[in-house]
Amino acid sequence: MEATLFTFPSSIPPLSSPSQTLSLKSHVRNPPSLPYSHFPYALRRRRTTIRSAISRTKKEETVETVKHHLQDCHLLAGIKYKGLTVKQLQDLRKSLPESTNLLVAKNSLVYKAIEGTQWEVLKPCMKGMNAWLFVHTEEIPAALKPYRDFQKESKLEDNDFTGAVFEGKFFAPEEFKALETLPTRVEIYSKLLGSLKGPASAVVSTLQVPARNLVMVLKAYVQKLEEESGGQ
């Protein structure tokens, strides 16, 4: 038996014929669709909360990713990202050596990850849109060269390095030449061998190089001695 509703709002006159009655059965089968604004406030608030939680989680994951890339990192550099296409980024990533990682992340999230660390001096780079280059090798020139080649081939003169941090020191874009001309391990090793075979003055000259280069010289020499002792 089909139930019939005969209760109407005061502003609407009663239906004049049985055919105009409202069917409870049909109303249940085909409920009226309501706009989003008619949903209960609690439901709308719940949806907003879920979206906020997802956004917060993604931000936290980005911060943790940056911290992960900073482990055993020798150099962190910013690259002006604005204007680069998805394909260009893909091509750039393919050109980088395995010891180098490229990450696109908001400045605020990167700064949150480096705040309170030696990398915090990278703060001057926190402007505009940046891609971040993490270098996990001591061969700095070899790590930077792929981007320079990519920049030249793609005619991206405006997409230059925005700065870098190396050994706790900030390098502005105009100071990158010093990073790109650092001696390689092979060059340092050759220089060390040459000085050891030469007069004492040559050894003194080698030891008068900057502290960073001296450390690399000593590391290379110690490694060579370990390899020789291990082979005997």
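What follows is a short chat about salt bridges, buried residues and backbone angles in a predicted model.

Q: What kind of model is this, and how are residues numbered?
A: The model is predicted: local features need pLDDT of at least 70, side-chain atom pairs count only at pLDDT 80 or more, and totals for chains, interfaces and linings use all residues. Residues are numbered from 1 along each chain as its sequence is written, and side-chain values use heavy atoms, with hydrogens and water left out.

Q: OK, salt bridges. How many does the structure hold?
A: The structure holds 4 salt bridges. A salt bridge is a side-chain nitrogen of Lys or Arg within 4 Å of a carboxyl oxygen of Asp or Glu.

Q: Which residue does lysine 145 pair with?
A: Lysine 145 pairs with aspartate 149, and their closest N and O atoms are 2.8 Å apart. Both lie in helix α5 (residues 140–153), 4 residues apart, about one turn of the helix. Helices here are DSSP runs of H or I with at least four residues, and strands are runs of E with at least two, numbered from the N terminus.

Q: Why would that spacing suit a pair in a helix?
A: An α-helix has 3.6 residues a turn, so residues three or four places apart point the same way.

Q: Are those two buried or exposed?
A: Neither: lysine 145 is partly exposed at 49% relative accessible area, and aspartate 149 is partly exposed at 32%. Buried means under 20%, exposed means over 50%, and partly exposed is in between (1.4 Å probe, protein chains only).

Q: What does arginine 148 bind to, then?
A: Arginine 148 forms a salt bridge with aspartate 160, closest N and O atoms 2.7 Å apart. Aspartate 160 sits in the loop between α5 and β6 (161–166), while arginine 148 is in helix α5, so this pair links distant parts of the chain, 12 residues apart. Arginine 148 also forms a salt bridge with glutamate 180, again with closest N and O atoms 2.7 Å apart. Glutamate 180 lies in helix α6 (residues 176–180), so that pair ties together parts that are 32 residues apart in sequence. Through shared partners, Arg148, Asp160 and Glu180 are joined into one network.

Q: Changing topic: how many disulfides are there?
A: The search of the whole structure finds 0 disulfides, a disulfide being a pair of cysteine sulfur atoms within 2.5 Å. Cysteine 73 is buried at 11% relative accessibility, and cysteine 125 is buried at 2%.

Q: What about helix α4, why is it called largely enclosed?
A: Helix α4 (residues 107–114) is largely enclosed by the rest of the structure because 6 of its 8 residues are buried. Those residues are Asn107, Leu109, Val110, Tyr111, Ala113 and Ile114. Just after α4, glycine 116 takes a positive phi of about 80°.

Q: Which residues other than glycine have a positive phi?
A: Among them are aspartate 72, with phi near 60°, and glutamate 167, with phi near 55°. Most residues other than glycine have a negative phi.

Q: Where are they?
A: Aspartate 72 is in the loop between α2 and β3 (75–80) and counts as exposed, at 69% relative accessibility. Glutamate 167 is in the loop between β6 and β7 (169–171).
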